[in-house]
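User: Could we go through this structure together? I should like to start with the chain contact and then turn to the interior.
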Amino acid sequence: MSDKDLTQNQPLIRVENLCKAYQLEGHANQPICHQVLFDINLEIHSGEFIAIMGQSGSGKSTLMNILGCLDTPTSGNYWLAGRNVAYLSNDELAHVRNHSIGFVFQGFNLLKRMTALDNVATPLLYAGMNRKESRKHALTLLQQTGLGQFTLHYPNQLSGGQQQRVAISRALVNQPQLILADEPTGNLDSQTSHEIMTLFKQLNENQGISIILVTHEDDIASYANRLIRLKDGRIIQDKNKCTR
Amino acid sequence: MNLLTIIGEAFQALRVNRLRTGLTMLGMIIGVAAVVLMLSIGQGAQIQINNTIASMGSHLLLVLPGATSSGGLRFGSGTVKTLTAGDAQAIAELPSVEAAAPVVSGIAQLNYGANNWSTTITGTTPDYFSVGNWLIESGSIFSEADLRSATRVAVLGKVTAENLFGNEDPTGKTFRIANKPFLVVGVLAAKGQSLSGRDQDDNVLIPLTTAQRQILGNQFPGSIGHMLVQGKSADMMEEAEMEITRLLRQRHRISDRMENDFTVRNLTAIAAVASTTAKVMAWMLGAIASISLLVGGIGIMNIMLVSVTERTREIGIRMAIGASHRAILTQFLLEALMICILGGLTGAVLGIGSAWMISQIVDMPVVITLSMIGLAFAFVAIIGIFFGFYPANKAASLKPVEALRYE
């Protein structure tokens, strides 16, 4: 069986008995633990568009960070494309983040000192591409997202919607299988929010990229095909819905 | 991420905080400039001392007569004339000896036209010029034939020539020593002061035989004042000293129980001490200056720590888009290194410039060598890596989640 078959048959993400606890400050002998996630079991297939909802403190951001390989679980297993990434070394995690995952944040998180073009090109540089080649790729991508004339603008010269488009381009530049968006419309007005969500929807439908979205808002979540609701660190609802 | 790209990013990061980068760099600039300046002044002083020593002639032994005892009464060296020109000839034959020049000297009055001048008359052999490292400015030295036939010829020191002849060229002119006419055959090149402060250029050199028979007659015909002996090499000085002692004891028929009637002194030893002192001084100046480099290094570490804290979020973003531990480490290390190297470069230029200015103003030799600049640079690079590593490692070891959450 080839690798391709393997990835096709297996879910993109499989999470088993995932727990996360933070050790708060306390005496060394009696550490105070605060458990955020309890026994999360989850399977996500390639091409899904998922919204994770929940109140603040429900553990959705923690789950997102672990799925994005920004954090490691306390116990349990996490397979990403058939590879158990729960306990990889820091450099292996960096490689996974670089190649397999694209992040979109609420606060855009662009690098202030760089132009839009260089912001989009940076993940390619970390992947080992040279500057010239990476800029060429970044330019193509920015033109596709409709930012062709803003390539040499700095983030503070762009509107929120434009910044988020740059951030999405950056997430896409290494052609990841998965995009994680942590409240991507949280800082945007409703019209821009819907434009951004339409972009996500297109990426999911046209390019088959899996998208996991964390949001508070029901109308934003309604763009997704599957809704996962978290409460106090547990999944309380996981439902598919008909595509719109 | 390839190195060139990281260098570009580091340069950009430094450009954003120009004032801060400049001030941090100033520590390096001052440090390197001080080290380069101090080393060049120190080495200049060392060369000045070495030149003075070299002007005395290299690996020299001084053989003095005297130190005799007569019926229990001991005399100091030089009190009795026990050395002869024959001793000098015999010593010159020794395997460890390059040449030996016998010397008689005394003071006499010189006349030329209306000018007169009193100075030291040195009677010696042609070997004296090579042994004492004397160079001829014009004319030539007197010859072995002059020595054999006790001709009245003289070689003048620079100061003597100026005092007696003014602006005229003395070569080929006749002047008088103690009222006896002498032909000037050459003028010596100036040497300057000796280590003891004596003016080495105020002298007249004439053949030994002429001096003994016609100018400085004494009660022991054939005796000489002292002898300058040049060893074959610096390593053979002790051997030469021993051979000379053995030979002279034999020639002077001194039995085993009796003391030497001569003294052998090693002039090189004194020179070596002076040279070593100068060297130690040069390095000490450099070492003191390098303390300022160390302080500059601590400044760099301080600023880099501030920078890492300020840019925690940036580091988090970079990690989220795939920066490895090494990429972050290299980026911050390179920032520190670039401050060092740019500061080092400016400092080196500044140091060389001020060294040159000092050499122009106070007329002192200043030496700038490539190895010195290389040394300063190596030191700067080590400081950059040493003081840059801790902040860079701190940055690279941040947890991505925490770095991203940092406000």
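Analyst: The chain contact is taken up first, and the nonpolar cores follow. This is a predicted model in which local features need pLDDT of at least 70 and side-chain atom pairs count only at pLDDT 80 or more, while totals for chains, interfaces and linings use all residues. Residues are numbered from 1 along each chain as its sequence is written, chains are lettered from A and ligands numbered from 1 in the order in which they are written, and side-chain values use heavy atoms, with hydrogens and water left out.

User: How many residues does each chain give to the contact?
Analyst: Chain B gives 26 residues and chain A gives 24 residues, where contact means heavy atoms within 4.5 Å.

User: And how many salt bridges are there between chain B and chain A?
Analyst: There are two salt bridges, each a side-chain nitrogen of Lys or Arg within 4 Å of a carboxyl oxygen of Asp or Glu. One of them joins A:Arg113 to B:Glu314, at 3.2 Å from N to O.

User: What kinds of residues are on the side of chain B that touches chain A?
Analyst: That side has 12 nonpolar, seven polar and seven charged residues. Nonpolar covers Ala, Val, Leu, Ile, Met, Phe, Trp, Tyr, Cys and Pro; charged covers Asp, Glu, Lys and Arg; the others, Gly among them, are polar.

User: Turning to the interior, how many residues has the largest nonpolar core?
Analyst: It has 42 residues, and B:Ile91 and B:Phe175 are among those with the most contacts inside it. Such a core is a set of buried (under 20% relative accessible area, 1.4 Å probe, protein chains only) Ala, Val, Leu, Ile, Met, Phe, Trp, Tyr and Cys residues joined through side-chain atoms within 4.5 Å.

Technical notes
Buried < 20%, exposed > 50% of the residue type's maximum accessible area, 1.4 Å probe, protein only.
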